[in-house]
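Open the structure in your viewer and keep the selection box handy. We'll go stop by stop, picking a few residues at a time.

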Amino acid sequence: MKKIRAIWLSKYGWLLLLAVLVVINYIGSVVHARFDLTREKRYTLSRATKDLLSGLEDELQIDVFLKGEFPAGFRKLANSTEEFLRLIKDRNGANIHYRFISPQDEIPGTGRSYEDTLRKLGANEINLTVQVKAGEENRRVFPVALVSYKGRQALVNLYEGGKRMITPLEMNSAEALMEYQFIKNLDRLVHPEKPLVAYSTGNGEPADYRTYDLQQSLRKDYELFTFNLQSQQSIPDTFKVLLVVKPSQSFTETEKLKIDQFVMRGGKLLFFIDNLFAEQDSLRFKPETVAFDRDLNLTDLLFRYGLRINTDLVMDLQCDFMPFAVGGSAGNPQFEFLKWNYYPLFESKGNHTINKNIGLVAGRFVNSIDTIAAPGIQRTVLLSSSSDSRTISTPALISLNENRNLPGDVNFRQSHIPVAMLLEGRFTSLFRNRLTRALADTLAAGGHSFTESSTPGNKIIVVADGDMVLNDISPSEGPLPMGRNFFTAGSQYEYQFANRDFLLNCM
């Protein structure tokens with residue numbers, strides 16, 4: 001019997017193996033799957049990206065201008081770009097097409113090269129010297145892609161630098177941001193209309209030159225309007241986002257109802273809030289000041305949504321610099337730049353698209369955030385302190401004398417204190433089972449009926465720092481970019497922090 005089985009296997013075994021291989025190849029031609037084993041899930045598309053690609057109604061053409069003989073860094077960038085493009089083509093193969101083009105090639109029927117068009121579109125040009133068979137040759141590389149959809153075009157920067165040699169760190173950053181860069185521009189082509197954003201006023205929010213960079217940054221991609229929450233009957237549903245920046249006056253129950261029902265109807269909130277009154281100007285004429293509660297009356301609203309902004313201050317050894325008088329006379333003081341622990345610097349954890357590879361974000365007199373149990377709400381920490389931090393509770397004494405000696409590291413034992421949080425899910429109204437007749441009348445006057453819960457997947461972002469998206473003002477230069485410290489301007493400690501990138505990513 002064993003002999004017969006061995007003869008059968010030798011005669012028909014290879015046929016069985018061949019049949020198995022045919023079946024496997026057929027399955028592979030029908031089903032495409034990629035297993036992402038990278039820690040940062042670099043080859044896993046986000047849900048928003050998948051939805052956008054699957055919903056394409058017309059052909060999407062992507063031209064990548066990285067074809068040719070380039071140094072190793074740019075060849076690796078080209079390979080990474082092709083890997084990503086294969087990934088997105090798997091989502092909608094019929095409508096997504098891509099090709100690699102040399103910028104020196106001629107545009108068919110025009111007599112002009114692609115590089116002429118790329119220059120007019122504002123593409124970065126990098127001059128290279130490359131080795132060819134005949135010796136060395138000068139080449140111009142354009143690390144960009146041109147995305148075309150329904151007669152509209154957008155330029156995608158694949159490498160933000162201008163150096164001839166791409167470092168491994170720059171390469172990792174380019175790869176990590178590739179999905180964001182492509183999808184951000186594709187979204188603009190698919191949805192050419194600018195979303196409406198309401199900048200809330202009526203509760204002491206800044207409306208002066210401190211908001212200059214905020215307005216300039218947002219108006220490139222959004223229609224930004226000021227909206228007086230106090231005087232208007234309701235927040236129109238035409239607004240996609242309500243932006244609340246550093247309010248200083250308490251919110252009434254009516255105003256909270258307007259915010260709450262805006263969320264219940266699908267509107268999104270972006271809060272930059274200082275829970276304590278703590279200002280650098282208070283230290284201009286005296287060496288110490290007390291930080292105290294602003295009493296904004298937002299605690300119950302945020303509590304219902306899933307978090308609490310604490311009445312404390314985060315101090316961090318990872319912080320920005322400030323000039324301090326360390327000697328001299330009253331008329332001629334001697335200044336020295338020292339670390340100011342009340343100006344913490346938040347390093348990106350890279351755990352979400354919002355904070356991925358954005359660099360340090362600067363804060364000023366920041367509060368901590370605690371999460372609260374809220375059914376159906378997913379919470380993601382977007383910014384948190386370093387591993388050498390602490391909090392001080394109200395009433396908090398802020399003293400310039402603290403910096404006369406370096407702070408003892410032994411006091412900074414806390415780590416990763418949350419200061420910015422993304423909330424996602426189906427939110428429950430604060431006014432569920434507690435809507436008064438007067439509040440119901442307010443809703444009716446605005447043309448709305450009461451809604452108990454939001455649609456699934458709504459989003460709220462809360463940042464416990466109102467200064468993060470405001471800009472300093474220089475007497476000589478005027479408004480500075482947000483994230484640049486006026487006090488260190490012109491010194492060796494001057495630095496442009498990534499506050500603007502963080503704001504735009506949140507939007």
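Start by selecting Leu146 and Leu155: Leu146 stands opposite Leu155 in strand E6. Strands here are DSSP runs of E with at least two residues, helices are runs of H or I with at least four, and both are numbered from the N terminus. You're looking at a predicted model, where local features need pLDDT of at least 70, side-chain atom pairs count only at pLDDT 80 or more, and totals for chains, interfaces and linings use all residues. Residues are numbered from 1 along each chain as its sequence is written, and side-chain values use heavy atoms, with hydrogens and water left out.

**Stop 1: strand E5 and its partners**

Widen the selection to E6 (residues 152-157), which pairs with E5 in the antiparallel sense over six bridges. (Two strands count as paired if DSSP finds at least two bridges between them.) E5 and E6 make a hairpin with two residues between them, and Lys150 in the turn has a positive phi of about 50 degrees.

Now colour 144-149, which is E5 itself: six of its six residues are buried, so the strand is largely enclosed by the rest of the structure. Buried means under 20% relative accessible area, exposed means over 50%, and partly exposed is in between, using a 1.4 Å probe and protein chains only. Both faces are covered, with Val144, Leu146 and Ser148 buried on one side and Ala145, Val147 and Tyr149 buried on the other.

Which strand do five bridges join to E5? Select residues 60-64: that's E1, and it runs antiparallel to E5. Leu60 stands opposite Tyr149 there.

**Stop 2: strand E23 and the loop after it**

Next, select 458-463 for E23. This strand is mostly covered, with five of its six residues buried. Add strand E10 (residues 268-272), which is joined to E23 by four bridges and runs parallel to it; Phe272 stands opposite Val463. Then add strand E22 (residues 418-425), which pairs with E23 in the antiparallel sense over six bridges. Here Met421 stands opposite Val462.

Follow the chain out of E23 into the loop that leads to strand E24 (473-474), and you'll find Gly466. Is Gly466 buried or exposed? Gly466 counts as buried, because its relative accessibility is 0%. Put a distance label between the C-alpha atoms of Gly466 and Val366: they are 100 residues apart along the chain but separated by 8.2 Å.

**Stop 3: a pocket**

Select Arg210, Arg364, Asp467, Asn471 and Asp472, which are the closest to the centre of the second largest pocket among the 29 residues that line it. A pocket here is an open set of points on a 1 Å grid over the protein atoms alone, where a 1.4 Å probe fits, with protein on both sides within 12 Å along at least five of seven lines; lining residues have an atom within 4 Å of a point. The volume of this one is about 600 Å³, taken as the space filled by probe spheres set on the points, which are joined across faces, edges and corners.

**Stop 4: a three-stranded sheet**

Show E11, E12 and E21, an open antiparallel sheet in that order. E11 (276-277) and E21 (396-399) are at the edges with a single partner strand each, so one side of each has no neighbour in the sheet. Four bridges join E12 (residues 288-293) to E21, and Ala291 has Ala396 as its bridge partner.

Step back to Pro395, in the loop between strand E20 (389-393) and E21. The peptide bond from Thr394 to Pro395 is cis, with omega near -5 degrees. Most peptide bonds are trans, and most residues other than glycine have a negative phi. With that in mind, go to Asp295, in the loop between E12 and helix H8 (299-305): its phi is positive, about 55 degrees.

**Last stop: rings**

Select Phe486 and Phe487. They form an edge-to-face aromatic pair, 5.5 Å centre to centre with 65 degrees between the planes. (Rings of Phe, Tyr and Trp, using its six-membered ring, pair if their centres lie within 6.5 Å; planes under 30 degrees apart are stacked, over 60 edge-to-face, the rest tilted.) Finish with Phe324, Trp340, Tyr342, Tyr343 and Phe365, which ring pairs link into a cluster.
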